[in-house]
Structures are given as structure tokens and as C-alpha cells.
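Work through the exercises below with the sequence and the coordinates side by side. Each task comes with a stepwise solution.

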Amino acid sequence: MGLRNRSQKVELLRSVPLFTHLSKRHLDELAKHTEEHNVDAGSALINEGEPGRQLFIVVSGKARVTRQGKVLASLGPGDFIGEMALLDHKPSSASVVAEEPMLLLVVGSREFKPLLSSVPDLAESLLQTLAARLRAADAALTSE
């Protein structure tokens, strides 16, 4: 099930809601900076409290997000995680564990900032997504 070339990554990235508005050139730039990773069920992608080093884009499979043992969310194809720790250089706020085998596209910390510079629309998309997540978290807190 592995992706073998950049054009396949571009098509895959185009299907991720975060990236749908990016131009072909920007998708190609993003694809150039991603690596394909297969992980087994039970694999830890992110450990709460540890430094974040990667942005994970879920291609297939599912993962569970927890904080202090409490399930916060489930992730599936099209979701992404790890961006907060790359943006603010603080320890990861939650743990993420694969619930089934997963295929991920991964952007490492070294590639992340240059990628944001070369694809400014990506930075805007990340900010919009972070704002939506913050609003949802705020709504959840105020409804308790």
C-alpha cells in the first residue's frame, strides 16, 4: 500500500481538507518534504509531555488521542497531528497511539519551517485549523 512517487503523494495531499486549496506547485513542494511511514497498531506516534518532532498526516488507519489517560479524539484519513509542538516548541499536549495499522505522511521538524515559508497558504491553513480546534475546545469547556 506504499506510495512510491511524488505525483501519488500530490494526489493524496490534494484529498486532505487542509490542503485542498493549495496549488499544484505548492502541493508538489509539500510532497517533496514528506516521508511515507507505515506503523503497526499499538505504535505510539506522540507521547504526552515529550518534545514534538513531526507533523503527521493520516493517509489510512485510525489513531486515538489521549491526555492523562482520557480519550480526547479519534483520528482517521485526512486528519493531521503534531503541528502545535512544531509551532511553539513546547512538549506535546497529548499522546497519540495507532489503533490499527496506519499509513502516514510525515514532515520532520527540520523541514517544517522552510515548508511554511515556501508554501504560505499552508501556514494560513494551519492557523485556521488551530483556531477551529481552539473554538471547539472552548465550546466544550463552557458547556460542561
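The exercises cover salt bridges first, then the largest pocket.

This is a predicted model, in which local features need pLDDT of at least 70, side-chain atom pairs count only at pLDDT 80 or more, and totals for chains, interfaces and linings use all residues. Residues are numbered from 1 along each chain as its sequence is written, and side-chain values use heavy atoms, with hydrogens and water left out.

**Exercise 1.** Find the salt bridge partner of R6 and state which elements the pair ties together.

Step 1. Apply the criterion: a side-chain nitrogen of Lys or Arg within 4 Å of a carboxyl oxygen of Asp or Glu. The structure holds four such bridges.
Step 2. R6 meets D28, at 3.3 Å from N to O.
Step 3. R6 sits in helix α1 (residues 6-14) and D28 in helix α2 (residues 24-32), so the bridge ties together parts 22 residues apart in sequence. Helices are DSSP runs of H or I with at least four residues, strands are runs of E with at least two, and both are numbered from the N terminus.
Step 4. Check accessibility. Partly exposed lies between buried (under 20% relative accessible area) and exposed (over 50%), with a 1.4 Å probe and protein chains only. R6 is partly exposed at 38%. D28 is partly exposed at 27%.

**Exercise 2.** Set the bridge of E29 beside that of R64.

Step 1. E29 pairs with K32 at 3.2 Å, N to O.
Step 2. Both residues lie in helix α2, three residues apart, about one turn of the helix.
Step 3. R64 pairs with E99, the closest N and O atoms being 3.3 Å apart.
Step 4. R64 lies in strand β4 and E99 in the loop between β7 (95-98) and β8 (102-108), so this pair ties together parts 35 residues apart in sequence.
Step 5. R64 is partly exposed at 30%, and E99 is partly exposed at 37%.

**Exercise 3.** Describe the largest pocket by volume and lining.

Step 1. Define it: on a 1 Å grid over the protein atoms alone, a pocket is an open set of points where a 1.4 Å probe fits, with protein on both sides within 12 Å along at least five of seven lines; lining residues have an atom within 4 Å of a point.
Step 2. The largest pocket holds about 1000 Å³, counted as the space filled by probe spheres set on the points, which are joined across faces, edges and corners.
Step 3. Its lining has 39 residues, and V65, R67, M84, S93 and A94 are the closest to the centre.
Step 4. Helix α5 gives the largest share, seven residues.
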